[in-house]
Amino acid sequence: MGNKTMTRTNMSPERLLDVDNVQVHFPLREGLVKAVDGVSYHVNKGEVLGIVGESGSGKSITARSIMRLLPKRALDAGGRVEMQLRSGEHFELSSYGRNSRAIRQVRGKHIGMIFQEPMTALSPVHTIGSQIMRTVQLHMGLSRAAARERAIDLLAKVQMPRPEQLVDAYPHQLSGGMRQRAMIALAISCDPALLIADEPTTALDVTTEAQILELLKQLQSELGMAIIFITHNFGVVADIADRVSVMYLGRIVETATVDDIFYAPKHPYTQALLRSIPRLGVDQGRRLPTIPGMVPDPFSVPPGCAFNPRCSHALAGLCDVQEPPEKRFGSQMSRCHIADQFAQEPVHA
Amino acid sequence: MPEAATSHAMPQVGEMPEDVLISVRRLKKYFPIQAGWMKKTVGHIKAIDDVSLDIRKGETFGLVGESGSGKSTVARLMLRAYDLTDGQILFRRGNGEVIDLSDLTDRQMRTMRREMQMIFQDPYSSLNPRMTLLQLVGEPMLIHGVGSQGEIRDRVAELLQVVGLRPEYINRYPHAFSGGQRQRIGIARALALNPSFIAADEAVSALDVSVAAQNINLMQDLQEKFGLTYLFITHDLGMVEHISDRVGVMYLGRLMETAPTDQLFAKPLHPYTEALMAAVPQPDPRGNRTRKRVPLKGEIANAANPPKGCTFHPRCPYAQPVCGTDEPALRAVAGGRQVRCHFAEELTLTGVTT
């Protein structure tokens, strides 16, 4: 069963996943795109880590590199991903090949994944029941009958109405919200220790989104699994995450507990993003505060701090020259030269 | 097929209060359901059933609702991209003349479209990739025979500047631009003929937050500068609260409630509006923890077979027996509001408070 018990015990016992300095590059005709440029984060057992950032910030690619599911033209340019289960099993995911037997033992079994658009993630020519059955037969060695039983149980668990009938339904026969439930059932079918949720509610209506978020929270506490929740929606992340990492141009610029991110952000990018969202019941005046300019194209990332040309606090001679170090304030990390300044004057949201 | 009479204090056909730019009255759009090789019509999907609303000059009217509620269909009907089944669309032209668009032929409608334009959600599929900005933004002028080649070029350059793009980009193709910039190209194109009314269908929904904020500010600047009237369609309640003067809430092809924005959010009168507001996760973790959020049960009903009585009653936490039998009418209530609920006066619903 692969090389699962390589003993490396510098992971503390509450840790589930360690992502260390992961780099993913795309060699394109126009130049080298460093889509993920040294990303590090960790996920503790049973916690929800939210990852927010605008499109192109590298949040999905980092998650895919955990699963070793990078696009074929991507260049794995270094970094280490390790996972450690409650049972003590330890996997060094970054050493596994894209299609290796070892990674296939982990994918679907210890790590489940759900995507934004269930219609493209589920097979259109198989019933949802048979897709779940195949997974549990493979990973849990169940018989056909037992697998079908388990599929029905799982559909009931994700609160599908009439699971005994819908187990034989094809994805196109279900509504968007029901398809997302079916995909969640598939992802949790083998009781994974980690669920990677990549914008799972973005395509859904708010009332359906609220149902799915409620379901994920419930499953998370019931099954004790950890979730990496990727989204661009600050409302959603505030609702579900315990800790949050904010990404900009392939890097994490800030990581903190959800309360610190929203009530005491220490990176100007986080602060500016939070200001630019229209909030219900809050009169922000006629104009929304915006971030000047736009995300630079990935071939010409500015020197120094990548955010400096758009930052209202940028200091000439420092921010445009020197890359900011990771500054730590307790559990909070900010990659900003002047983060100390924000530590003194807490920004109230 | 007709529903219970809708009592609304609206003037007679052809009459419209001075300050109203466009008025939709008892709008209906039924799509036939066809079956068999004869394509026999076996039923109808009531995509829009009895929608009435007024949009005043210079205001932004927000239309919210879930997918399938018919909000985009309303906009398309107002611009006559679809033919309506029944109802009236009164539009006040630049010269003060009030015209019922529902009677117009396609040819007559074409001249009207100079004054009414649309901005679409997806800036990737709504711009022809084989056309340059000059062709894209200049196309409406070409079609309407406005201006010579040189004049069109000058006007396009000016429009690009107006929406915050560099006029030097005039010969570039859409693929060279980001999503936010493409949306600006769509806005420039909509502005080309100096319209008075623009329907923006999820115009910022596909954009990242910081880009959406920039484009929303641009749309507000343009509104001020050119005296535009907007119909702003979105599912984002935060955005609609920010940009709209008045809001209409749609559910299953019907307007459930209309109200001035601050009143709607402070005190919703329809249970669906309350449920919609409660469902939005706020960027406020502490507030989310204390706020009671009971997710709405079930899903939007099938429009081909809507529930009897109030279309919302199967999901409504306040439903009474009468809701399952009698469809409530959209009726005017105090404060210039309209609501479609039997119990609007009795219920005390929660809005958004901070």
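Is Arg68(A) buried or exposed? Select Arg68(A) in this predicted model and display the residues around it. Arg68(A) counts as buried, because 21 C-beta neighbours lie inside 10 Å and the cut-off is 20 or more. Arg68(A) belongs to the loop between helix H1 (59-67) and strand S4 (75-76) of chain A. Its backbone also deserves inspection: the phi of Arg68(A) is near 60°, a positive value in a residue other than glycine.

**Colouring chain A by confidence**

Next, colour chain A by pLDDT. The average for chain A is 90, and 95% of the residues score at least 70. Among the elements of chain A, strand S11 (residues 251-257) has the highest mean pLDDT, 97, while helix H3 (residues 118-121) has the lowest, 81. Now select residues 1-7 of chain A, where pLDDT stays under 50. For this segment the model has 12 contacts beyond four places in sequence.

**The strands around S1 of chain A**

Select strand S1 (residues 15-28) of chain A together with S2(A), residues 31-44. S1(A) and S2(A) pair in the antiparallel sense over 11 bridges, and a hairpin joins S1(A) to S2(A) through two residues. To find one pair in this ladder, highlight Arg15(A), whose bridge partner in S2(A) is Asn44(A).

Add strand S5 (residues 80-84) of chain A to the selection. S5(A) pairs with S1(A) in the antiparallel sense, over four bridges. Here Asp20(A) stands opposite Arg80(A) of S5(A). Then add S4(A), the strand that follows the loop holding Arg68(A). S4(A) and S1(A) run antiparallel and are joined by two bridges, with His25(A) standing opposite Leu75(A) of S4(A).

**Two domains and a core**

Give the domains of chain A separate colours: the domain assignment places domain 1 at 15-241 and domain 2 at 270-344. Their centres, taken over C-alpha atoms, are separated by 30 Å. Where they meet, seven residues of domain 1 of chain A are in contact with five residues of domain 2 of chain A. On the domain 1 side, S2(A) gives the most, with three residues. The residues of that side divide into three nonpolar, two polar and two charged.

Now turn to the interior. In soluble globular proteins, nonpolar side chains tend to be buried together. The largest nonpolar core of this model has 188 residues. Select Leu194(A), Ile196(A), Ile228(A) and Phe229(A), the residues with the most contacts inside this core. Helix H7 (residues 176-187) of chain A supplies the largest share of the core, seven residues. Domain 1 and domain 2 of chain A both give residues to this core, so it lies between them.

Which residues does Ile228(A) touch, not counting residues up to four places away in sequence? They are Val43(A), Leu49(A), Ile51(A), Ala63(A), Leu194(A), Ile196(A) and Ala197(A). Leu194(A) and Ile196(A), in this set, are also among the core residues with the most contacts.

**Where chain A touches chain B**

Display both chains. In the model, 38 residues of chain A are in contact with 39 residues of chain B. On the chain A side, helix H8 (206-223), helix H9 (234-240), helix H10 (258-263) and helix H11 (268-275) each supply at least two residues. H8(A) gives the most to this side, with seven residues. By residue class, the side divides into 18 nonpolar, 11 polar and nine charged.

**Two stops in chain B**

Select strand S6 (residues 116-119) of chain B. In a regular strand the side chains alternate between the two faces of the sheet. Both faces of S6(B) are covered: Met116(B) and Met118(B) on one side and Gln117(B) and Ile119(B) on the other are all buried. Add strand S7 (residues 197-201) of chain B, which runs parallel to S6(B) and is joined to it by four bridges. Within S7(B), Ile198(B) is the bridge partner of Gln117(B).

The last selection is Asp50(B), placed in strand S2 (residues 40-56) of chain B. Asp50(B) has a positive phi of about 65° although it is not a glycine. Asp50(B) counts as buried because 24 C-beta neighbours lie inside 10 Å.

Methods:
Residues are numbered from 1 along each chain as its sequence is written. Chains are lettered from A and ligands numbered from 1 in the order in which they are written. This is a predicted model: local features need pLDDT of at least 70, side-chain atom pairs count only at pLDDT 80 or more; totals for chains, interfaces and linings use all residues. Two residues are in contact if their C-beta atoms, placed from the backbone, lie within 7 Å. Ala, Val, Leu, Ile, Met, Phe, Trp, Tyr, Cys and Pro count as nonpolar, Asp, Glu, Lys and Arg as charged, and the others, Gly among them, as polar. pLDDT is the predictor's confidence in each residue, from 0 to 100. Domain bounds come from an automatic or database domain assignment. A residue is buried if 20 or more other C-beta atoms lie within 10 Å of its own, exposed if 12 or fewer, and partly exposed in between; C-beta atoms are placed from the backbone. Two strands pair if DSSP finds at least two bridges between them. A nonpolar core is a set of buried Ala, Val, Leu, Ile, Met, Phe, Trp, Tyr and Cys residues joined through C-beta atoms within 7 Å.
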